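User: I have a structure open here and would like to go through parts of it with you. Can you take my questions as they come?

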Amino acid sequence: MVPGENEQGLHRIVVVGGGAAGLQLATKLGDKFGRSKDVHVTLVDRARTHIWKPLLHEVAAGSLDVGHHAVDYLHHAHQHHFRYRIGEMTGLDRTARTIQLAASHDAEGREITPVRAVGYDTLVMAVGSTTNDFGTPGVKDHAIALDTQDQAVRFHQRLVNGMLRAHTQVGPVRPGQLHVTVIGAGATGTELAAELHRTVRDVVSTGMDRIDPAKDLKITLVEAADRILPAVPPRLSSEVMALLAKIGVEVRVQARVTEVRADGVALADGSFIPSELVVWAAGVKAPPFLQGIGGLETTRTNQLVVTPTLQTTHDPDIFAIGDCAYLVEAGSDRPVPPRAQAAHQQASHLIKQIPARIAGKPLKPFKYRDFGSLVSLGEYSTVGSLMGFIRGKNMLIAGLFARMMYRSLYKMHEQALHGTMKTALDAAARALTRRTEARVKLH
């Protein structure tokens, strides 16, 4: 047990996972209970900083500097009166009401924090999701996912290093050497493909004159379904397909990947896409460590099954929100989708319900509302649909208005964490620094 966290009569709220939902919940509960002697709030995450997950494709493309957008957990916890504990959750003891954390190590392998347990009275699991490779051979060895900040940074470094290598090598650029294949044409994959089209050309324009963008650079988007962006209406999907084709991104639909190799991607129809840079953005599942953890009910994709109050079916002291939660609402035959807006709504719901639980009041059920989808294609366009915007009908939007709506989602996230004043000041500071910095990170 972590010293100082087993005080008698203290209600311990522990939030595992510092993504959008978990960090928002810990922040608001910390603001509410921070000076209370009866309630302590703790956030647990294996990383040290938070970045809004829908921005990871921009980090990977190099059009967004992590340093300007990352939230430092330790500082943020101090500002909002909750505790931050670094560590990866590895186990759950429901009888003792503790979670187990693995030791953390630095880059040289030296231990920073030891294996330890953290006690709870109310536990909220908000550990998000990872990509699902469906057991496809070669994915783990030759493809990079975009689940975390580290993965996005690693892909960008591989991209820039690959172009530097091609520019300085003795021989000509090999076929497929600077080709990028993005597998999975949901929002993340589609947004990344469009963003990369511009950023790779910006990198080449810095003086890599041995690389011919028209001949050597190619981006391919691969989707197993019959269309890209299944979360948006077919009309918008078609418009995005046309735009991607216009800027030179090749789209392959109804294309099932059978293997990822070091030199490319093999498809079920026998064709092969030469590509030495592969991003896997297909499929979603909860982290594997959740499967059956502590005897809780889980799905085949490792999600924790929850009741309408977001409590796990086998333990009312444990809640789950976001992508790691599985909830089928009354009257629906489908679970709440693993999307950012669902995680935000569930965090907002628990911000009100956990204080009610501590006060001994009954909990209200969660109700999900689908507000539609927005997809950013970088400087080329933004498209989306707003659900129930006019008398129950969907409204399709595109262009400047859609882009403003997309950016406002991030501002709402920042405002939930930092308040209006700091969000406005940060936005102004970024606008000023953009005038003096390179458009794309080159390191």
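User: Where is Gln254 found?

Analyst: This is a predicted model, and in it Gln254 lies in the loop that links β15 to β16 (257-261).

User: Is Gln254 buried or exposed?

Analyst: Gln254 is exposed, its relative accessible area being 62%.

User: And which residues is Gln254 in contact with, leaving aside its neighbours within four places in sequence?

Analyst: With those neighbours left aside, Gln254 is in contact with Glu223, Ala224, Ala225 and Asp226.

User: How are the C-alpha atoms of Gln254 and Thr299 separated?

Analyst: Those two residues are 45 residues apart along the chain, and 27 Å separates the C-alpha atom of Gln254 from that of Thr299.

User: You mentioned β15. What sheet is that strand in, and in what order do the strands come?

Analyst: It is an open sheet of four strands with parallel pairing, and the order is β15-β14-β13-β19. The strands at the edges, each pairing on one side only, are β15 (250-252) and β19 (277-280). From one strand to the next, the twist averages 15°.

User: How many bridges pair β13 with β14?

Analyst: Five bridges pair strand β13 (residues 179-183) with strand β14 (residues 218-222), in the parallel sense. Within that pairing, Val180 of the one strand stands opposite Ile219 in β14.

User: Which helix packs on that sheet?

Analyst: Helix α7 (residues 187-204) packs on the sheet, where it touches β13, β14 and β19, and the direction of α7 makes about 170° with that of β14.

User: Back to β19, then. How many bridges join it to β13?

Analyst: Four bridges join the two strands, β13 and β19, which run parallel, and Ile183 stands opposite Trp280 in β19. As for the side chains of β19, Leu277 and Val279 point one way while Val278 and Trp280 point the other way, and all of them are buried.

User: Different topic: which strands form the antiparallel sheet, and in what order?

Analyst: Three strands, in the order β6-β7-β10, form an open sheet with antiparallel pairing. Its edge strands are β6 (89-93) and β10 (116-119), each of which pairs on one side only, and the twist averages 25° from one strand to the next.

User: What joins β7 to β10?

Analyst: Strand β7 (residues 98-101) is joined to β10 by four bridges, and the two run antiparallel. Here Ile99 stands opposite Val118 in β10.

User: Now the N-terminal part of the chain. Where is the place of Gly17?

Analyst: Gly17 is in the loop between β1 (11-16) and α1, and it is buried, with a relative accessible area of 7%. Leaving aside neighbours within four places in sequence, Gly17 is in contact with Gly22, Leu23, Leu43, Val44, Asp45, Ala126 and Val127.

User: How many residues of α1 are buried?

Analyst: Ten of the 14 residues in α1 are buried, so the helix is largely enclosed by the rest of the structure. The buried residues are Ala21, Gly22, Leu23, Gln24, Leu25, Ala26, Thr27, Leu29, Gly30 and Phe33.

User: What span should α1 have?

Analyst: Helix α1 (residues 20-33) has 14 residues, and at 1.5 Å a residue it should span 20 Å; its end C-alpha atoms are 20 Å apart, which agrees.

User: Since Phe33 came up, what sits over its ring?

Analyst: The charged end of Lys32 sits over the ring of Phe33, at 5.8 Å from the ring centre.

User: How many aromatic pairs does the structure hold?

Analyst: The structure holds one aromatic pair.

User: Last topic, backbone angles. What phi does Phe134 have?

Analyst: Phe134 has a positive phi of about 55°, although it is not a glycine. The residue is in the loop between β12 (130-131) and α5 (139-142).

User: And what phi does Leu310 have?

Analyst: Leu310 also is not a glycine, and its phi is positive, at about 70°; its loop is the one between β21 (304-305) and β22 (311-312).

User: Are those two buried or exposed?

Analyst: Phe134 is exposed, with a relative accessible area of 59%, whereas Leu310 is buried, with a relative accessible area of 0%.

Methods: Residues numbered from 1 in each chain as written. Predicted model: local features only at pLDDT ≥ 70, side-chain atom pairs only at ≥ 80, totals over all residues. Heavy atoms only, no water. Phe/Tyr/Trp six-rings, centres within 6.5 Å; stacked < 30°, edge-to-face > 60°. Lys NZ or Arg CZ within 6 Å of the ring centre and 35° of its normal. Expected span 1.5 Å × (residues − 1). Buried < 20%, exposed > 50% of the residue type's maximum accessible area, 1.4 Å probe, protein only. Pairing = 2+ DSSP bridges. Axes fitted to C-alpha atoms, helices over the stretch in contact; angles between N-to-C directions. Contact = heavy atoms within 4.5 Å.
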